[in-house]
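Let's take a relaxed look at one helix and what surrounds it. Have the sequence and the 3D view ready.

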Amino acid sequence: MAQVSPFPGTGINRATGQVLTGWPHVVQSLQVIFTTQFGERVMRRWFGSAVLALLGRNMTNATILRFWSAICMTIDLWEPRFRVTKITPYGSAMNLRIGKIGFAITGVYYPRGHLGDYSVSVSNTLFVGTDAGILSLIA
């Protein structure tokens with residue numbers, strides 16, 4: 001018989017192998033989703049996001065809007081425990097010119113959202129940044 005976790009939203013930390021629950025598990029899930037391109041997974045070709053395809057582009061207003069759209073659609077499609085309420089760009093003008101940009105994603109974390117229970121909510125912010133073409137997330 002399959003073992004059921006006592007804590008909903010429980011997983012394994014990709015770096016350490018330890019048990020991961022709650023908000024850190026959501027951050028890890030979003031990192032996996034953001035760094036997976038559409039068609040990359042063999043049995044789940046529709047899984048992923050367009051975020052990686054936008055890395056390295058010239059940071060115009062249109063590109064920033066594409067980033068925001070890709071982030072919002074990805075979170076809405078694949079992570080029911082987090083809902084975006086606001087995205088704010090951050091970084092210096094020099095970093096923007098050379099393609100390094102960051103986004104502060106503010107939203108509502110629902111610990112049991114993947115079970116359809118949206119009664120408990122916590123406001124959280126997630127920082128997504130690019131550096132040398134590498135996507136990083138900081139909670």
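How far apart should the ends of helix 1 (residues 23–34) be, at 1.5 Å a residue? The expected span is 1.5 Å times one less than the number of residues, so the twelve residues should span 16 Å, and the end C-alpha atoms are indeed 16 Å apart. Helices here are DSSP runs of H or I with at least four residues, and strands are runs of E with at least two, numbered from the N terminus.

This is a predicted model, where local features need pLDDT of at least 70 and side-chain atom pairs need 80 or more, while totals for chains, interfaces and linings use all residues. Residues are numbered from 1 along each chain, and side-chain values use heavy atoms, without hydrogens or water.

Helix 1 is mostly covered, with ten of its twelve residues buried (under 20% relative accessible area, with a 1.4 Å probe and protein chains only). Among them are W23, H25 and Q28.

What does helix 1 pack against? One partner is helix 3, with the axes (lines fitted to C-alpha atoms over the stretch in contact) 11 Å apart and at an angle of about 120 degrees. Contact means heavy atoms within 4.5 Å, and these residues make it:

| Helix | Residues in contact (heavy atoms within 4.5 Å) |
|---|---|
| Helix 1 | L30, I33, F34 |
| Helix 3 | I71, T74, I75, W78 |

E79 sits in the loop between helix 3 (61–78) and strand 3 (82–90). E79 is buried too, at a relative accessible area of 3%. Beyond its neighbours within four places in sequence, E79 touches V26, S29, L30 and T74.

Terms used
Buried < 20%, exposed > 50% of the residue type's maximum accessible area, 1.4 Å probe, protein only. Axes fitted to C-alpha atoms, helices over the stretch in contact; angles between N-to-C directions.
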